[in-house]
Amino acid sequence: MTDHAIDRVLVRIDDALSAPALNRAILAVTLIAMAGHFVLMWGAPEQIGAYRTADIPLFILFVLGGLPILGQLAIKLLRREMGADFLAAISFVTGIVLNEYLAASLIILMLTGGQVLESFAMRKASSALNALARRMPSVAHRKNADGDIADIALDDIAINDLIAVFPHETAPVDGTVVDGHGTMDESYLTGEPYVVSKAPGTAVLSGAINGEAVLIIRAEKRARDSRYAQIMNVMAEAEQKRPHIRRLGDQIGAWFAPAALLFAIIVGYLSGDSSRFLAVLVVATPCPLLIAIPITVMSAISIAARRGIVIRDPTVLERLPTCQTAIFDKTGTLTYGRPELVDVLAGPDFDADLVLRLTAGLERYSKHPLASAVLKEARLRNLPLDEVSHASEKPGQGLSGQVDGHHVVVTHRNKLVKSDPEIAALLPETAAGLECVVLINGQYGATFRFRDTPRAEGENFVGHLGAIHHFKKVMLLSGDRESEVSYLSDLLGIRDSLASQSPEQKVAIVRAEAAKAPTLFMGDGINDAPALAVATVGIAFGKESAVTADAAGAVIPEASLVTVDELLHISMAMRRILLQSVIGGMVLSILAMGFAAAGYITPVAGALLQEGIDVIAILNALRLAIRHNIDADIVEETRF
């Protein structure tokens, strides 16, 4: 077998020996065995030969729980890996050799307890993909030439097939409506709770959930080539290439464990006294790494939960203070995601209300975020919505359709001027913010101006990232238009911004930035899920998408940059206390190792001394659980 094949076999064996279910079982056996030990110590303290009756439950534990631990130790030796658990396993064997059976049992308790605590909060890598897969139907309904509808597998859908999407079903492919009027929920792609009306000519995206009416769509792509399948493929690739983050305990244990073991061997060899070797190992047992770290992390998770933050991956709390690049999605993250129509500048031959009424009728069938702002303004003005006989919205071509006998086109300034340079004289001067231009029957009808309100705390939040949290680079990465992204980046003082980015492009950019420096990415839509997965730390905003939440390390359901700032401070406090516990515990252990090497500490006394060091480290770790003064640098401002 090749070295690579052998390594894969070792990894599989190691995964089996450290499986969460096995750890939970060993933890349960450990607690039962220790309880049995204390019960027998109190009720039946007899001797059986050289052994106490009370030690029998611990012997059973050593077989059931110790063998998997020794198996993990053997695997780590073969893979030339040394961490905190390596030295703990050596200490476990040392405890048995010293007849310190209770101490050896505590080592098992610390090892399995720490792993169970960690796996309890860790997410499974496949959860996001499973959430994506659950959204898709298993069959599609194809309408044949004779009008009959037959169920077929998704892979059997051909381009130009007519597919019926029944009420509350999920669209299986990208296509265009050819019959029926209704609505579809496309929030899975945008991350925003928009329900888009559908009429003949409007586009349908795979994964969209149908409303109350039956829609007949013409398939424009195969199911495996549709937008939803592309997002699943990108997500799968992101999961496979997810950066491996070594825990802080492993990083410290990687040098402390071999150093302590080497020191113990040297002491034993030079002194000729095996008890000194054992004493050094006992006091070197890295219990602060095994217990103080999980306690500190779980305390931070608890504090975050009290502030409405869901920590899905505890490593984000360790890595967040080290991030140097912050990358943000725009809509729903740095803005409220609710654009407002602020001006209707009508052309010389049209009334503003007439243009707004016709445009609102057509915007019912658009998935663009500005559509809701037009509809909202029409409702505020009590304008009726006219009947739409046809609607179309193709990428790069704007929105068009027949409304009450009028041909209405909603487009943007640059495209219009390129196709009809003479119309530029009729357009108002450009202004900051968002806009669109409406044509009625080929004539200039009006310019609509919008404002996608930035979060009130956005400028302060972005401005303090470098000074307080030591971020060296802040980027705005969005799928929106260049004008919208540039406007927001200028307003918030963000120098690096990229617009019109697809999920694939976002992944490539985030991966490239993460390769340069630890990177934080924040987003709120399923299109952000792959980027969240490949970032060093991913934070999901909002509660609309389970897929986005599964891809992120932390979730903030009630979107607020103030809460993000609180999370930054929680992670800083956690890392500071964690380092105090771990490094302080290591320093005390090193001092104790020196005294043990000189013969001043026996193995038994060393075990007691190490327990005292453990208590100090744990008490320091518990300080985080009772803290109530973790506050953000910025405050939530009221919008008027």
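Of the 640 residues in the protein chain, 52% count as buried. The model is a predicted one. Colour the chain by secondary structure to begin: it holds 22 helices and 24 strands. Among contacts with a sequence separation of 6 or more, 69% join residues 24 or more positions apart.

**Stop 1: the nonpolar cores**

Select I311, L317, L334 and I539. These residues belong to the largest nonpolar core, which has 76 residues, and they touch the most other members of that core. Next, add helix α21 to the selection; it supplies 15 residues, the largest share of this core. Then pick L341, L362, A373 and L434, which are among the 29 residues of another core, lying apart from the one just shown. In soluble globular proteins, nonpolar side chains tend to be buried together.

**Stop 2: helices α16 and α21**

Keep α21, residues 561-597, on screen and add α16, residues 458-469. The axes of the two helices come within 10 Å and cross at roughly 15°. Because angles under 35 degrees count as roughly parallel, α16 is roughly parallel to α21. Their crossing is left-handed.

For the contact itself, show side chains on both helices. On α16, select G458, F461, H464, L465 and H469. On α21, the residues that meet them are L561, V564, D565, L568, H569 and M572. Sorted by type, the residues of this contact comprise six nonpolar, four polar and one charged.

**Stop 3: T335**

Move to the loop between β13 (325-328) and β14 (340-346), where T335 is found. Is T335 buried or exposed? Its relative accessible area is 1%, so T335 is buried. To see what surrounds T335, leave aside the neighbours within four places in sequence and display the residues in contact with it: K330, D452, T453, P454, R455 and L488.

**Stop 4: S389**

Finish at strand β15, residues 388-394, and select S389 within it. With a relative accessibility of 52%, S389 counts as exposed, because the cut-off for that class is over 50%. T335, at the previous stop, is buried at 1%.

Which distance separates S389 from D404 in space? Draw a C-alpha to C-alpha line between S389 and D404: the two are 8.0 Å apart, with their positions 15 residues apart in sequence numbering.

Key. Residues are numbered from 1 along each chain as its sequence is written. This is a predicted model: local features need pLDDT of at least 70, side-chain atom pairs count only at pLDDT 80 or more; totals for chains, interfaces and linings use all residues. Side-chain values use heavy atoms; hydrogens and water are left out. Helices (H or I, at least four residues) and strands (E, at least two) are DSSP runs, numbered from the N terminus. Buried means under 20% relative accessible area, exposed over 50%, partly exposed in between (1.4 Å probe, protein chains only). Contact means heavy atoms within 4.5 Å. Axes are lines fitted to C-alpha atoms, for helices over the stretch in contact, and angles run from 0 to 180 degrees between N-to-C directions. Angles under 35 degrees count as roughly parallel, over 145 as roughly antiparallel, 65 to 115 as roughly perpendicular and the rest as oblique. A crossing is left-handed if the near helix is turned anticlockwise from the far one by less than a right angle, and right-handed if clockwise. Ala, Val, Leu, Ile, Met, Phe, Trp, Tyr, Cys and Pro count as nonpolar, Asp, Glu, Lys and Arg as charged, and the others, Gly among them, as polar. A nonpolar core is a set of buried Ala, Val, Leu, Ile, Met, Phe, Trp, Tyr and Cys residues joined through side-chain atoms within 4.5 Å.
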